[in-house]
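Please open the structure in your viewer and keep the selection tool at hand. The tour below proceeds stop by stop, stating what to select and what is found there.

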Amino acid sequence: NVLQATVKIPGAATVSIIAMAASPAGQFLVSGGLNAAPNTGWLGWLSPGTDQVVRFLDTAPFVAQGLCFAPDGTIWAAGVENGPETGPIPRPYNILRHYSATGASLDSHLPKDSFGRLGEIAASNSFLVCSGDRLGFYSRSAGEWMEFSYGGQALGRWKGLFPGITATGFASASSVTGVGM
C-alpha cells in the first residue's frame, strides 16, 4: 500500500515526503527533501506494490510541492527553490517544471516573480492537477487559479476566492473537484 510506504533514499538518514501522484497506468511518484539539509529536492518513482524507489532524480534546488501526470505520461511539478540562504531566495526561478516520463527536464514555466511579493510562497500550500487537455495550478497563498496548455502556454489566470475548488486526498497529494476544466 503506497500510502503506508516507507520511502528509503540511499545515504539519507531522514526523508520528508512532500507530494505524491499516481498515473492512470498505476505508476507512483513522490517528491520530497532530506531533513536538515539544504538543496535536497528529489523525485522518486516507486515500484508498484512496494516502498522501493526504482528511480531517483535529484531536482535540487527545486523541491516539488505538487505533482501530476499528464495524459502523455509526462510529469508536471509545482514547487519552490531552496538553498543555503536563509529567508527569501533572491534569484528568479519558475514554479512549474515539466519532466519526461523518465525524469528528463523538458521545460519550466510561471516565474515566481509573476506573483510579486508572494512569489516565495506561491507554490507552498498550493495544488496542481492534470486534466485531459490542460494543467491547473491553484496558489492558496496568492488566491489565484491558473490554467496552462501542456505546451506551457498560459490559458488563463484568475485572482480571488474560489469556493468551488477543494483539495482532497492524503497529505499534500491533492485533486481538484468542482472545477470545469
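Select Glu 81 to begin: with a relative accessibility of 12%, Glu 81 counts as buried, where buried means under 20% relative accessible area, exposed over 50%, and partly exposed in between, for a 1.4 Å probe and protein chains only. The model is predicted, so local features need pLDDT of at least 70 and side-chain atom pairs count only at pLDDT 80 or more, while totals for chains, interfaces and linings use all residues. Residues are numbered from 1 along each chain as its sequence is written, and side-chain values use heavy atoms, with hydrogens and water left out.

**Stop 1: charged pairs**

Add Arg 97 to the selection. Glu 81 and Arg 97 form a salt bridge, and their closest N and O atoms are 2.8 Å apart; a salt bridge is a side-chain nitrogen of Lys or Arg within 4 Å of a carboxyl oxygen of Asp or Glu. This pair links distant parts of the chain, since Glu 81 belongs to strand 6 (residues 75-81) and Arg 97 to strand 7 (residues 94-99), 16 residues apart. Strands here are DSSP runs of E with at least two residues, and helices are runs of H or I with at least four, numbered from the N terminus. Is Arg 97 buried or exposed? At 14% relative accessibility, Arg 97 counts as buried.

The structure holds eight salt bridges. Next, select Lys 112 and Asp 113, which form one with closest N and O atoms 3.9 Å apart. Lys 112 counts as buried, at 5% relative accessibility.

Then move to Asp 133 and Arg 134, another salt bridge, with closest N and O atoms 3.3 Å apart. Here Asp 133 counts as partly exposed at 44% relative accessibility, and Arg 134 counts as partly exposed at 21%. To finish this stop, select Glu 81, Arg 91 and Arg 97 together: salt bridges that share partners join these residues into one network.

**Stop 2: aromatic rings**

How many aromatic pairs does a search of the whole structure find? The search finds three. Rings of Phe, Tyr and Trp (its six-membered ring) pair if their centres lie within 6.5 Å; planes under 30 degrees apart count as stacked, over 60 as edge-to-face, and the rest as tilted.

Select Trp 42 and Phe 56. Their rings form a stacked pair, 6.0 Å centre to centre with 25° between the planes. This pair links distant parts of the chain: Trp 42 is in strand 3 (residues 42-46) and Phe 56 in strand 4 (residues 53-58), 14 residues apart. Trp 42 is buried, with a relative accessible area of 1%, whereas Phe 56 counts as partly exposed at 40% relative accessibility.

Now select Phe 127 and Tyr 138, a tilted pair with 5.6 Å between the centres and 50° between the planes. Because Phe 127 lies in strand 9 and Tyr 138 in strand 10 (residues 135-139), the pair ties together parts that are eleven residues apart in sequence. Phe 127 is buried, with a relative accessible area of 3%, and Tyr 138 counts as buried at 9% relative accessibility.

**Stop 3: charges over rings**

Select Arg 55 and Trp 45: Arg 55 lies over the face of Trp 45, at 4.9 Å from the ring centre. A charge sits over a ring if NZ of Lys or CZ of Arg is within 6 Å of the ring centre and within 35 degrees of the ring normal. Select Arg 157 and Phe 115 as well; Arg 157 lies over the face of Phe 115, at 4.4 Å from the ring centre.

**Stop 4: an open sheet**

Display strands 9 to 12 as a cartoon. These four strands form an open sheet in the order 9-10-11-12, with antiparallel pairing; two strands pair if DSSP finds at least two bridges between them. Strand 9 (126-130) and strand 12 (154-159) stand at the edges with a single partner strand each, so one side of each is left without a neighbour in the sheet. Five bridges join strand 11 (residues 144-148) to strand 12, and the two run antiparallel. Select Trp 145 to find it opposite Trp 158 in strand 12.

**Final view: the whole chain**

Return to the full structure. The chain has zero helices and 14 strands, and buried residues make up 44% of its 181 residues.
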